[in-house]
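Keep the viewer open and the selection panel at hand. Each stop below gives a selection and then says what is there.

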Amino acid sequence: GIQYFPPSFGKIMHVCNFKGYPECFPEIDAFENEWYSKHWDAAQEPSVYRLSGSTKSAQKSHLRFTWLPTFHNPVIVRFEITPGSTTIIAKELSGAVGYDPGTIKRQITRKLDSTEARRLTQVMATASPFDEPPAKCEIGADGSQWMLERASNGAYAYANRWSPQTGSMRDFGILALQLTGWK
């Protein structure tokens, strides 16, 4: 299928202390790779990692927020940013994340107005989830996975949080969901 993550993400990148002893984890393990990929495949989403290869000279960047709640419909919000224009592409799937992703239930594609684009830029400039330390050691049973990817200037960046209650990932995710106009 589509390669959504760099191959290096399968290597050990995090050490977490669970139960009093350290355990080593890759950035993305095989289960997560398959889990995230099946949702992006169902949403017919491109690989932001692959798009990063085309952003070096194109003055174009991509941001994709993926919200995977355990018992609700997955939502994927992607922004394509060029000088003077930002387009939002949002998709809600019909399935539940803890089960089958389903198919595209609803979708929007539109240009953000200048106020919306400015809010998006401000949220990223104020406190970017990419500037925070990785939170790979978070665990939980029910909740939601919040993921943000960026392809810009030929580089790929990734941030992932489990049910954030505060912080820049939550701020960005809430804004991305609000910009869809969906309840």
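**Stop 1: strand E3.** Select residues 61-69, strand E3. Eight of the nine residues are buried, so the strand is largely enclosed by the rest of the structure. Bear in mind that this is a predicted model.

Now add strand E4, residues 75-82. E3 and E4 pair in the antiparallel sense, over seven bridges. Pick Leu-63 and look across to E4: its bridge partner there is Phe-79. The two strands form a hairpin, with five residues between them.

Next, show strand E7, residues 144-152. E7 runs antiparallel to E3 and is joined to it by eight bridges. For a landmark on this pairing, pick Thr-66, which stands opposite Met-147 in E7.

**Stop 2: from E7 to E8.** Keep E7 and add strand E8, residues 155-162. What joins E7 to E8? Eight bridges do, and the strands run antiparallel. Gln-145 has Trp-162 in E8 as its bridge partner. Is E8 mostly covered or uncovered? Mostly covered: seven of its eight residues are buried.

Zoom in on the turn of this hairpin. Two residues lie between the strands. Select Asn-153, in the loop between E7 and E8. Its phi is near 50 degrees, a positive value in a residue other than glycine. Most residues other than glycine have a negative phi. Asn-153 is exposed, since its relative accessible area of 61% is over the 50% cut-off.

**Stop 3: the nonpolar cores.** Show side chains for Phe-65, Val-77, Phe-79, Leu-148 and Phe-172. These have the most contacts inside the largest nonpolar core, a set of 24 residues. Which elements each supply at least two residues of this core? They are E3, E4, strand E5 (85-93), helix H3 (114-126), E7, E8 and helix H4 (168-180). H4 gives the largest share, six residues.

Centre on Leu-148. Beyond its neighbours within four places in sequence, its contacts include Leu-63 and Phe-65, along with Met-124, Phe-130, Ala-157, Met-169 and Phe-172.

There is also a second, separate core of 17 residues. Tyr-4, Phe-9, Ile-76 and Tyr-158 are among them. Tyr-158 also appears in the contact list of Leu-148.

**Stop 4: Thr-86.** Move to strand E5 and select Thr-86. Its relative accessibility is 10%, so Thr-86 counts as buried. Leaving aside neighbours within four places in sequence, Thr-86 is in contact with Phe-79, Glu-80 and Ile-81, with Arg-110, Lys-111 and Leu-112, and with Ala-117 and Leu-120.

**Stop 5: Gly-143.** Go to the loop between H3 and E7 and select Gly-143. At 25% relative accessibility, Gly-143 counts as partly exposed. Draw a C-alpha to C-alpha distance from Gly-143 to Thr-70: 5.7 Å in space, for a pair 73 residues apart in sequence. Neighbours within four places aside, Gly-143 is in contact with Leu-68, Pro-69, Thr-70, Trp-162 and Ser-163.

**Stop 6: the loop between H1 and H2.** Select Gln-44, in the loop between helix H1 (30-42) and helix H2 (48-52). Gln-44 has a positive phi of about 55 degrees although it is not a glycine. At 62% relative accessibility, Gln-44 counts as exposed.

Pro-46 sits in the loop between H1 and H2 too. Is Pro-46 buried or exposed? Partly exposed, with a relative accessible area of 27%. Its C-alpha is separated by 9.4 Å from that of Gln-3, 43 residues away along the chain. Outside its neighbours within four places in sequence, Pro-46 is in contact with Tyr-4, Leu-51, Arg-64 and Arg-78.

**Stop 7: the second largest pocket.** Finish with a surface. Select Trp-67, His-72, Asn-73, Val-75, Glu-92, Arg-106, Leu-177, Thr-180, Trp-182 and Lys-183. These residues line the second largest pocket. How much space lies in it? About 170 Å³. Colour the lining by residue type: four are nonpolar, three polar and three charged.

Key:
Residues numbered from 1 in each chain as written. Predicted model: local features only at pLDDT ≥ 70, side-chain atom pairs only at ≥ 80, totals over all residues. Heavy atoms only, no water. Buried < 20%, exposed > 50% of the residue type's maximum accessible area, 1.4 Å probe, protein only. Helix = DSSP H or I, 4+ residues; strand = E, 2+ residues; numbered from the N terminus. Pairing = 2+ DSSP bridges. 1 Å grid on protein atoms, 1.4 Å probe; cavity = no way out; pocket = protein on both sides within 12 Å on 5 of 7 lines; lining within 4 Å. Points joined across faces, edges and corners; volume = space filled by probe spheres on them. Nonpolar A, V, L, I, M, F, W, Y, C, P; charged D, E, K, R; others polar. Core = buried A, V, L, I, M, F, W, Y, C linked by side-chain atoms within 4.5 Å. Contact = heavy atoms within 4.5 Å.
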